Amino acid sequence: MVGQWGKEDDEKVVIRCYNDLRDIIQMEWVEKSCEIGNDQTFLFTDTLGDPLCRIRNTPLSTMLVADVGTKLVGCIQGSVKPVKFHDKSVNVGYVLGLRVVPPYRRCGIASILVRKLEEWFVSHNVDYAYMATQKDNDASLGLFVGTLGYTVFRNPAILVNPVNPGRNLKLPSDIVIRKLKVEEAASWYRTHVAPTTDFFPDDIDQILRNKLSMGTWVAYYNNNDKINSWAILSVWNSSKVFKLRIGKAPLSYLLLTKVCNLVGRFLMFLGLTALPDLFSTFGFYFLYGVHAEGPLCGNLVRALCDHVNNMAASDDGGACKVLVVEVDGESNGGDLMRCVPHWKMLSCDDDTWCIKPLKCEEKMSDLGEFNDMFWKSKSGTLFVDPRDV
């Protein structure tokens, strides 16, 4: 069906706002034609019939589409939110969902879409625009870094762990896990996390109160001698927004899946985990606000992750098949990577965040000052807004 976009060079590209009644059918075909992945594996996104699902939970958002004649050939989404950056309150715009159907690529449409979105950002008082891609995505980096003036400022790692279905993991008896009220969680994050990270959301209360946020838990030792160690995380139910599916996986992955499931089914008493079916659509919980302090905090982080695994495993619907955590791969992210349970074969360390000053650009003495600011920001912790996932 991709063939419906026959390239017509003499037609003009028109950028406009997305219209749900007019565009939803063509948008489905755009999404299907723009799978994410490489020659062996593709990641398909099922938006559950809502092309705007990834931006509906942000304070301000838009979606632009590109028309050539009567054909919708590309799209881009953007959201705006207030954050703390270097002790200042600024507005940042997140660029996501950039799609151009294959016959119309390398025609400058992606560049036009991004620039139009940046204009929309500026009209809504945005100081910085940022986006995420993969470090081996040469086309994306060539566009944003090479052409549009973005700067790479983070290289996080995405850690994925399969949910152990139908069986609870045993939690250490010397660790207390307590669910915090929204007010407690917001205060905890503002006190302990906000001072150590850039782009901490000013509206953290709204995130924690969102219907997709399942709660915040803190873990500590019940032994008073270890009270100086603690860990905290919150859980976002992405399964209710969109689902994923892996396609065209290599034969080795298919064989490993079958072996893991067979072994896990018969040797569960050894603690082995069966790999869930990721070739059918699946949902996931996103663990955000992961932070820990103290000399013995590693086991606390693992206990919290196991607690969330038990939550997902006991879900009657079984929609959640994996847990996802994103940590900084450059500073203290290595410590968290050792503490957070994950399967290396499902995880990746090639996420790349890029950023660009918009209206602030004229206030900078030069680009070197801007780059210095972000190199300094790498020393802090990473707080990933679940609305950006």
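A residue counts as buried when its relative accessible area is under 20%, and this cut-off will be useful at several stops on a tour of what is a predicted model.

**The whole chain**

Begin with the entire chain in view, where nine helices and 17 strands can be picked out, and where buried residues make up 51% of the 389 residues. Among the contacts with a separation of 6 or more, 79% are between residues 24 or more positions apart. The chain exposes about 18500 Å², of which carbon and sulfur atoms supply 53%.

Next, colour the chain by pLDDT, which averages 83, with 78% of the residues scoring at least 70. Select residues 37-41, where the pLDDT is below 50, and note that this stretch nevertheless has twelve contacts in the model beyond near neighbours in sequence. Then select residues 362-367, where the pLDDT is again below 50 and where four such contacts are present. Where pLDDT is low, the predicted coordinates should not be read in detail.

**Aromatic pairs**

Now show the aromatic side chains, since a search of the whole structure finds 15 aromatic pairs. Select Y94 and Y130, which form a tilted pair with 4.9 Å from centre to centre and 35 degrees between the planes. Because Y94 lies in strand β6 (residues 88-100) and Y130 in strand β7 (residues 128-134), the pair ties together parts that are 36 residues apart in sequence. With a relative accessible area of 8%, Y94 is buried, and Y130, at 6% relative accessibility, counts as buried as well.

Move on to W236 and Y288, an edge-to-face pair whose centres are 6.3 Å apart and whose planes are at 80 degrees to each other. This pair links distant parts of the chain, with W236 in strand β13 (residues 230-237) and Y288 in strand β15 (residues 283-293), 52 residues apart. W236 counts as buried at 3% relative accessibility, and Y288 is buried too, with a relative accessible area of 1%.

Keep Y288 on screen and add S213, which is found in strand β12 (residues 213-221) and, at 12% relative accessibility, counts as buried. The side chains of S213 and Y288 are joined by a polar contact of 2.7 Å. If neighbours within four places in sequence are left aside, S213 is in contact with I207, L208, V235, W236 and Y288, a list that includes both members of the edge-to-face pair.

Return to Y94 and Y130 and widen the selection to F85, Y128, F153, F199 and W353, because ring pairs link these residues with Y94 and Y130 into a cluster, in which the tilted pair is formed by Y94 and Y130. For a ring with a charged partner, select F242 together with R54, which lies over the face of F242 at 5.8 Å from the ring centre.

**Two loop residues with positive phi**

The last stops concern the backbone, and the background is that most residues other than glycine have a negative phi. Select R106, in the loop between β6 and α2 (109-123), where phi is positive at about 60 degrees although the residue is not a glycine. R106 counts as exposed, at 86% relative accessibility.

Finish at N125, in the loop between α2 and β7, whose phi is near 65 degrees, a positive value in a residue other than glycine. At 40% relative accessibility, N125 counts as partly exposed.

Definitions and conventions: Residues are numbered from 1 along each chain as its sequence is written. Side-chain values use heavy atoms; hydrogens and water are left out. Rings of Phe, Tyr and Trp (its six-membered ring) pair if their centres lie within 6.5 Å; planes under 30 degrees apart count as stacked, over 60 as edge-to-face and the rest as tilted. Helices (H or I, at least four residues) and strands (E, at least two) are DSSP runs, numbered from the N terminus. Buried means under 20% relative accessible area, exposed over 50%, partly exposed in between (1.4 Å probe, protein chains only). A charge sits over a ring if NZ of Lys or CZ of Arg is within 6 Å of the ring centre and within 35 degrees of the ring normal. A polar contact is a pair of N or O atoms within 3.5 Å; within protein, one must be able to donate a hydrogen and the other to accept it, and residues adjacent in sequence count only if both atoms are side-chain atoms. Contact means heavy atoms within 4.5 Å. pLDDT is the predictor's confidence in each residue, from 0 to 100. Accessible areas come from the Shrake-Rupley method with a 1.4 Å probe; for residues, only the protein chains shown count as cover.
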